[in-house]
Amino acid sequence: MSIEKLFAQTPPESLSGPRGKGETRIAPTLLPACCVCGLIRDETRLSPDREHWVTQRAYRETHGVSPTELALTHTYCPTCFEKAQDRVRQFFRKVGTPP
C-alpha cells in the first residue's frame, strides 16, 4: 500500500496523537521497527542523538495511532543488533575467515 493511500484512509484526528496545551504531533511517514523483536524507535520524545525503543502498545498509547496503520521500515534495536553481530562473529570464527 502506498503512503498516499495509507494517509488518505487514515482519519486526520488519528494522525495527531494525544495533545498537550498548544502541542501538535504528526505521525511519521515511516516508522522504524526492529525486525527481530518488533520494538519501535520513538524519535519524538528525545533528542536526535538518543534513541528510545518502545513496544507497539506503548507507542499507540503515547501517540494515539497504532503502528500497524503506518508504514514500517525495518531496522535493529541496539540489543538485537548486538546479538546479530555476535552471531556473525561466531560464524566467521568457526569458518576461520575474519569478518
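1. Leu31 makes a good starting point: beyond its neighbours within four places in sequence, Leu31 is in contact (heavy atoms within 4.5 Å) with Ile40, Arg41, Tyr59, Pro67, Leu70, Ala71, Leu72 and Thr73. Do keep in mind that this is a predicted model, where local features need pLDDT of at least 70, side-chain atom pairs count only at pLDDT 80 or more, and totals for chains, interfaces and linings use all residues. Residues are numbered from 1 along each chain as its sequence is written, and side-chain values use heavy atoms, with hydrogens and water left out.

2. Leu31 also belongs to the largest nonpolar core, whose seven residues include Ile40, Val54 and Tyr59. Such a core is a set of buried Ala, Val, Leu, Ile, Met, Phe, Trp, Tyr and Cys residues joined through side-chain atoms within 4.5 Å; buried means under 20% relative accessible area, exposed over 50%, and partly exposed in between (1.4 Å probe, protein chains only).

3. Asp42 deserves a look too: this residue is buried, at a relative accessible area of 2%. Val54 and Tyr59 are among its contacts outside four places in sequence, as are His52 and His63.

4. On the cysteines, a search of the whole structure finds zero disulfides (pairs of cysteine sulfur atoms within 2.5 Å). Why does Cys37 form no bond with Cys34? Cys34 holds the closest cysteine sulfur, but at 3.6 Å from the sulfur of Cys37 it is too far for a bond. For Cys35, the closest is again in Cys34, at 5.3 Å, too far as well. Cys35 is partly exposed, with a relative accessible area of 41%, and for Cys37 the value is 41%, also partly exposed.
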